[in-house]
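Trainee: Could you take me through one part of this model in detail? I would like to understand how one helix packs against its partners.

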Amino acid sequence: MGRQKHGYISGLAAVAAALLVTGTGCSGQSGGGRTGPDAKASATATPTRGGTKPAPTGAPGGADSGTGTGTLPGVPAAAEARTRLAALKVAPQGSMTGYSRDKFPHWAEQGENCNTRETVLERDGTGVRRDSQCRAVSGTWVSVYDGRTVTKASGLDIDHMVPLANAWRSGANTWTQEKRKAFANDLTHPQLLAVSAVTNRSKGDQGPDEWQPPSRAYWCVYARAWTSVKATYGLTVTSAEKKALGVMLDTCGS
């Protein structure tokens with residue numbers, strides 16, 4: 001996945017006062033020990049198992065009409081997300097000392113020759129055809145981060161909503177390897193989704209105070225999902241991260 005780190009904050013003109021970042025970005029973080037991007041494995045396109053997945057009902061996770069969550073599982077309602085956000089422990093980001101993506105084993109086998117990555121590709125796409133090795137050969141995906149329509153799996157990455165390196169800095173460094181594996185392959189909570197490779201790599205391992213989806217219409221779902229994952233796994237948030245999540249949740253309306 002090779003995600004780049006960008007310290008800029010996109011799409012914040014309307015809420016700039018609430019989202020000013022003060023020295024918590026990737027390059028300026030004190031004691032972070034971050035020497036490279038939190039690279040992500042790219043979902044490569046190869047031929048697939050016979051069969052076509054029918055198109056899901058409802059919007060494909062784009063604008064927040066109704067629940068607005070599309071195929072993303074376990075996203076709480078905005079009111080619940082606000083309650084969970086208020087309860088999250090606030091702490092500075094920890095060190096990257098000892099971090100390795102190998103400490104978050106992925107992609108795990110999910111049966112029938114499928115791994116987690118291919119499972120998400122099928123779940124998030126429409127008309128997805130897979131070969132005997134479960135690799136997506138055709139289909140259509142709408143990247144909820146930027147609204148792009150993608151027709152080749154090679155143009156997609158599987159994003160960890162809360163990036164692995166971010167999780168490491170906010171508590172996952174103390175977990176067992178088995179728990180980190182579960183986190184990296186979580187198909188039950190809103191932790192994994194297929195998005196355009198370009199947006200995934202611009203996100204890198206940044207938190208919501210450093211990066212937001214270019215599509216402002218997805219901010220509500222993004223904040224709800226991020227908050228849910230952090231709460232589910234008992235991860236901490238920084239004060240800037242918590243403030244940014246609150247602003248993004250405000251886009252949900254009542």
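Mentor: Happy to! First, a definition: a crossing is left-handed if the near helix is turned anticlockwise from the far one by less than a right angle, and right-handed if clockwise. Keep in mind that this is a predicted model. Let us look at helix H1, which covers residues 78-87, and begin with its packing against helix H6, residues 219-232. Their axes lie 9 Å apart and form an angle of about 45°, and H1 and H6 are therefore oblique to each other. By the definition above, the crossing of H1 and H6 is left-handed. On the H1 side, the contact involves Ala78, Ala81, Arg84 and Leu85, which meet Arg224, Thr227, Ser228, Ala231 and Thr232 of H6. Sorted by character, the residues of this contact are 4 nonpolar, 3 polar and 2 charged.

Now turn to the other partner, helix H7, which spans residues 239-249. Here the angle with H1 is about 170° and the axes are 11 Å apart. Angles over 145 degrees count as roughly antiparallel, so H1 is roughly antiparallel to H7. From H1, Ala81, Arg82, Leu85 and Ala86 meet Lys242, Leu245, Gly246 and Leu249 of H7. This contact divides into 5 nonpolar residues, 1 polar and 2 charged. Notice Ala81 and Leu85: these H1 residues take part in the contact with H6 and also in the contact with H7.

Terms used
Residues numbered from 1 in each chain as written. Predicted model: local features only at pLDDT ≥ 70, side-chain atom pairs only at ≥ 80, totals over all residues. Heavy atoms only, no water. Axes fitted to C-alpha atoms, helices over the stretch in contact; angles between N-to-C directions. Helix = DSSP H or I, 4+ residues; strand = E, 2+ residues; numbered from the N terminus. Parallel < 35°, antiparallel > 145°, perpendicular 65-115°, else oblique. Contact = heavy atoms within 4.5 Å. Nonpolar A, V, L, I, M, F, W, Y, C, P; charged D, E, K, R; others polar.
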